[in-house]
Amino acid sequence: MSVLTSVRETIGRSLSRPVAYLAAEWDRMAPRERRWVAVLAVAVVVVSALIGTYFVFSNISDLEEGNAEIRKALSAISKHRNEYLDAKARSDAQAARIGLDPPQLTADLEAAAREEQVQIDESTERPTTPAGRRYAQHDVDLKLRQVDLQSLSKFLRRVETGPRLIMFTHLSIKRRYSEADKMDVELTATAFERLKDDKSKKKPDNKTEGKDK
């Protein structure tokens, strides 16, 4: 006797008693009771089928909505692809202008002033401050006296369009009453330094750890 035959006989013996019991109960029922049981069984089957159908169509609807959202996102990406590439190119260009070396902010400002024949009367460097985790911010306060509007415009343009990324974050202009075409200007120039990762801090010293243990 094979194992499969033994399993079949065991299952048959297990089901024979409940089946016989149900058959006997069915025979003892009156015709009216049989009709009610049949109607109840049909109702259970119909309700089960309806519930199963609902879940199937609900899952299909969810899949269709998800696919529609994916198609919409892909369409938006395709539509704004050129804008994204332009923004990325500008970001890369700005990062290249920042460079890897610390900025010589005061020297760059003085060089631009000499080229545009502008006199920097006072310059004060502020303490370096963090600008996020990857950059440090350098600021220099400048004072220009008796400068005309055209020279000031040329100086600002030369600084901001130079090879290194420098921007003016503060500008205050006061007209001189004695000279109508001259102004006193206070401004703040800002540059950024990209911080270098200290790899020695990331890798623990095995010799030191061995001594500690």
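Helices (H or I, at least four residues) and strands (E, at least two) are DSSP runs, numbered from the N terminus. The model here is predicted: local features need pLDDT of at least 70, side-chain atom pairs count only at pLDDT 80 or more, and totals for chains, interfaces and linings use all residues. Residues are numbered from 1 along each chain as its sequence is written, and side-chain values use heavy atoms, with hydrogens and water left out.

**Exercise 1.** Find the element that holds Phe55, then decide whether Phe55 is buried, partly exposed or exposed.

*Solution.* Start with the element: Phe55 sits in helix H2. Next, recall the classes: buried means under 20% relative accessible area, exposed over 50%, partly exposed in between (1.4 Å probe, protein chains only). Phe55 has 49% relative accessibility, so it counts as partly exposed.

**Exercise 2.** Work out whether Val185 is buried or exposed, and list its contacts beyond four places in sequence.

*Solution.* First, place Val185 in strand S5, residues 183-194. Its relative accessible area is 1%, so Val185 is buried. Now look for contacts (heavy atoms within 4.5 Å). Leaving out residues up to four places away in sequence, Val185 touches Leu142, Lys143, Leu144, Val147, Leu152, Leu171, Ser172 and Ile173. Finally, check a C-alpha distance: Val185 and Arg145 are 40 residues apart along the chain, yet separated by 6.3 Å.

**Exercise 3.** Classify Arg157 as buried or exposed, and give its C-alpha distance to Met167.

*Solution.* Begin with helix H5 (residues 149-160), where Arg157 lies. With 60% relative accessibility, Arg157 is exposed. Then step ten residues along the sequence to Met167: the C-alpha atoms of Arg157 and Met167 are 9.8 Å apart.
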